[in-house]
Amino acid sequence: MSLTRLTPYGTISEALLERIGKIRILLSDVDGVLSDGKIYISNSGDEIKSFNTKDGFGIVAIQKLGVDFGVITGRESEIVNIRMKSLGAKYVYQGIGDKTAILQEIIKAAGITAEEVAYIGDDIVDITVFNGCGMSFCPRDAHPVVLAAADYVCHLDGGNGAVREVCDLILTARGAMNIIGASI
């Protein structure tokens, strides 16, 4: 019996894939994770963010398997509301100072355990959320302290496929990686 398995992002342990397979809710920070962390502001004061369609494809794919998706972010932006609505995100919490309290609220409302929730974040404020859920992920370009704290460091950067990587790992753990394209 092999103790590792090949994924689209390299070989990872079966034990880690087993943990990933238990995920029923994937939560994410926004700036630096779903976006590249840059905020563009026009002369008229309009805020612009960039989202990666590959991340969106992965989010839609895991939801088709029954894994809920949502965001918990410290900033507020109508752009995030629009993007999350287009992806069918179940949880959208913006302007949040205490992300851990929201995490606990989600766990309680969903009637699941912390081990069934994963979070992907990129900065120091996300570490407390890591400690309250079953799996923690971060983009390759996360803050160095976060890189050390995460259960899994993505091969891709925030806003450039890191969330898709996590979604692909969920699909792989559930044996759905090869069939998901036909169902979207």
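Two aromatic pairs turn up in this predicted model. One of them joins F137 and Y152, whose rings sit edge-to-face, with 5.8 Å from centre to centre and 65° between the planes. The angle is what settles the label here, because planes over 60 degrees apart count as edge-to-face. F137 belongs to strand β9 (residues 135–138) and Y152 to strand β10 (residues 152–153), so the pair ties together parts of the chain that are 15 residues apart in sequence. Both F137 and Y152 are buried.

Just past β10 comes a loop that leads to α7, and G158 is found in that loop. With a relative accessibility of 1%, G158 counts as buried. Leaving out residues up to four places away in sequence, G158 touches G32, V33, S35, D36, P139 and D141. S50 is 108 residues from G158 along the chain, and their C-alpha atoms are 11 Å apart in space.

N160 lies in the loop between β10 and α7 (162–173) as well, but N160 is partly exposed, at 45% relative accessible area. In sequence N160 and T53 are 107 residues apart, while 9.2 Å separates their C-alpha atoms.

S35 picks up the story from the other side of the G158 contact. This serine is placed in the loop between β3 (25–28) and β4 (40–41). Its relative accessibility is 0%, so S35 counts as buried. Apart from neighbours within four places in sequence, S35 is in contact with V30, S50, G158 and G159. S50 thus appears in the contact list of S35, and S50 is also the residue whose C-alpha atom is 11 Å from that of G158.

Moving on to the helices, M84 has its place in α3, which covers residues 78–87. M84 is buried, with a relative accessible area of 1%. Setting aside neighbours within four places in sequence, the contacts of M84 are L34, F69, V71, A89 and V92. Not every residue far along the chain comes back to M84: V145 is 61 residues away in sequence, and the C-alpha atoms of the two are 28 Å apart.

I112 sits in another loop, the one between α4 (99–110) and β8 (117–120). At 11% relative accessible area, I112 is buried. Beyond residues up to four places away in sequence, I112 touches R24, I25, I107 and V117. Of these partners, R24 is 88 residues from I112 along the chain, with 8.3 Å between the C-alpha atoms. I25, another partner of I112, falls in the residue range of β3 (25–28).

As for the chain as a whole, the protein has eight helices and ten strands. Its radius of gyration is 16 Å, which agrees with the value near 16 Å that a compact globule of 184 residues would have. Along the principal axes, the C-alpha atoms fill a box of roughly 60 × 35 × 30 Å. Buried residues account for 48% of the 184 residues. Contacts across long stretches of sequence are well represented: among contacts between residues at least 6 apart in sequence, 55% join residues at least 24 apart.

On the outside, the accessible surface of the protein chain comes to about 8,700 Å², and carbon and sulfur atoms hold 53% of that area. The chain carries 17 positive and 23 negative charges, and the mean positions of the two sets are 6 Å apart.

How values were computed. Residues are numbered from 1 along each chain as its sequence is written. This is a predicted model: local features need pLDDT of at least 70, side-chain atom pairs count only at pLDDT 80 or more; totals for chains, interfaces and linings use all residues. Side-chain values use heavy atoms; hydrogens and water are left out. Rings of Phe, Tyr and Trp (its six-membered ring) pair if their centres lie within 6.5 Å; planes under 30 degrees apart count as stacked, over 60 as edge-to-face and the rest as tilted. Helices (H or I, at least four residues) and strands (E, at least two) are DSSP runs, numbered from the N terminus. Buried means under 20% relative accessible area, exposed over 50%, partly exposed in between (1.4 Å probe, protein chains only). The radius of gyration is taken over C-alpha atoms; the globule rule is 2.2 Å times the number of residues to the power 0.38. Contact means heavy atoms within 4.5 Å. Accessible areas come from the Shrake-Rupley method with a 1.4 Å probe; for residues, only the protein chains shown count as cover. Lys and Arg count as positive and Asp and Glu as negative; His and the chain ends are not counted. The place of a charge is taken as NZ of Lys, CZ of Arg, CG of Asp or CD of Glu.
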